[in-house]
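Thanks for coming. I will take a few minutes to walk through one structure, so please have the sequence and the model open.

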Amino acid sequence: MPLRNIRQNNDPVLRQKAVYVSKFTPQLRLLLEDMAETMLAAEGVGLAAPQVGIAKRIIVVKVEEGVLEIVNPEITSAEGKDIDVEGCLSLPGVFGEVPRYDRVTVSGRDRNGKKIELTAEGFLSRVLQHEIDHLDGVLFVDRASRLLSPEELQKM
Ligand code: ZN
């Protein structure tokens, strides 16, 4: 399975509003597999389809058990507040403190079109919110309360 090219910085696809997936085809499954492989090869913890140049509502997230795939993900409930440092495979070398909900429930579809729902807290909740933002053309720097300085980056 081929690795996909990760779009970076000012690539316009990163700012597009992605469209819903209506057909659960073998092509979709190939895309999901390529996205997972691309994410793992880049040592990322999540990847959204626009980051590989495809403006569709699809995300993959690294979890303990493997790779979580969500098609047409929606946050259906959110609570609590948390602030932590984020980066993005599409914005190399940039890190910032981003306020997020501490706990979210996300619903969507799996690769076969079957309904799925999960509730996540802490880090996984943060990754889900970051990836779902990508589907609306939102990058973490848009939400960051501040970006880390070069001195802070050196310490990381
Ligand atoms: Zn990102």
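Let me start at a small spot: E43 sits in the loop between α1 and β1, which covers residues 46-48. A word of caution before going further: this is a predicted model. Is E43 buried or exposed? With a relative accessibility of 74%, E43 counts as exposed, because the cut-off for that class is over 50%. The backbone at E43 has a positive phi of about 55°, although E43 is not a glycine. As background, most residues other than glycine have a negative phi.

N72 has a positive phi too, near 55°, and N72 is likewise a residue other than glycine. The setting of N72 is strand β3. N72 counts as buried, because its relative accessibility is 13% and the limit for buried is under 20%.

Now the chain as a whole. How many helices and strands does the chain have? There are 4 helices and 8 strands. Reading from the N terminus, the order of elements is α-β-β-β-β-β-β-β-α-α-β-α. The C-alpha trace spans about 45 × 35 × 30 Å along its principal axes. For 156 residues, a compact globule would have a radius of gyration near 15 Å, and the chain has 15 Å, so the two agree. Of those 156 residues, 42% count as buried. The chain exposes about 8400 Å², and carbon and sulfur atoms supply 50% of that area. Among contacts in the chain with a separation of 6 or more, 65% are between residues 24 or more positions apart.

Next, the strands. β2 and β3 run antiparallel and are joined by 6 bridges. The connection from β2 to β3 is a hairpin through 2 residues. To pick one pair, V60 has E69 in β3 as its bridge partner. β3 also runs antiparallel to β6, and 6 bridges join these two strands. Here I75 stands opposite V106 in β6.

There is also an open sheet of 3 strands, in the order β4-β5-β8, with antiparallel pairing. Why is one side of β4 and of β8 left without a neighbour in the sheet? Both stand at the edges with a single partner strand each, so there is nothing in the sheet on the other side. β5 and β8 are joined by 2 bridges, and in one of the pairings E97 has R146 in β8 as its partner.

On to the interior. The largest nonpolar core has 14 residues, and those touching the most other members are I59, V61, I70, V106, L118, L128 and L135. β2, β6, β7 and α2 each supply at least two residues of this core. If you want one residue to click on, take I70. Leaving aside residues up to four places away in sequence, I70 touches R57, I58, I59, V106, G108, R109, I116, L118 and L128. A second core, separate from that one, has 12 residues, including V21, L32, L47 and I58.

Now the metal. Which protein residues are the donors of the zinc ion? They are C88 through SG, H130 through NE2 and H134 through NE2, at 2.0 to 2.2 Å from the ion. In sequence, the spacing of the donor residues is C-x41-H-x3-H. C88 lies in the loop between β4 and β5, while H130 belongs to helix α2, so this pair ties together parts that are 42 residues apart in sequence. Both C88 and H130 are buried.

One last stop, toward the start of the chain. D11 is found in the segment before α1, the helix of residues 26-41. D11 counts as buried, because its relative accessibility is 19% and the limit is under 20%. In sequence, D11 and Q51 are 40 residues apart; in space, their C-alpha atoms are 9.2 Å apart.

To recap, and please keep in mind that the model is predicted: the chain has 4 helices and 8 strands, the largest nonpolar core has 14 residues, and the zinc ion has C88, H130 and H134 as its protein donors. That is what I had for today.

Conventions:
Residues are numbered from 1 along each chain as its sequence is written. This is a predicted model: local features need pLDDT of at least 70, side-chain atom pairs count only at pLDDT 80 or more; totals for chains, interfaces and linings use all residues. Side-chain values use heavy atoms; hydrogens and water are left out. Donors are N, O and S atoms within 2.8 Å of the metal (3.2 Å for Na, K and Ca); water is not among the atoms, so sites may look incomplete. Buried means under 20% relative accessible area, exposed over 50%, partly exposed in between (1.4 Å probe, protein chains only). A nonpolar core is a set of buried Ala, Val, Leu, Ile, Met, Phe, Trp, Tyr and Cys residues joined through side-chain atoms within 4.5 Å. Contact means heavy atoms within 4.5 Å. The radius of gyration is taken over C-alpha atoms; the globule rule is 2.2 Å times the number of residues to the power 0.38. Accessible areas come from the Shrake-Rupley method with a 1.4 Å probe; for residues, only the protein chains shown count as cover. Two strands pair if DSSP finds at least two bridges between them.
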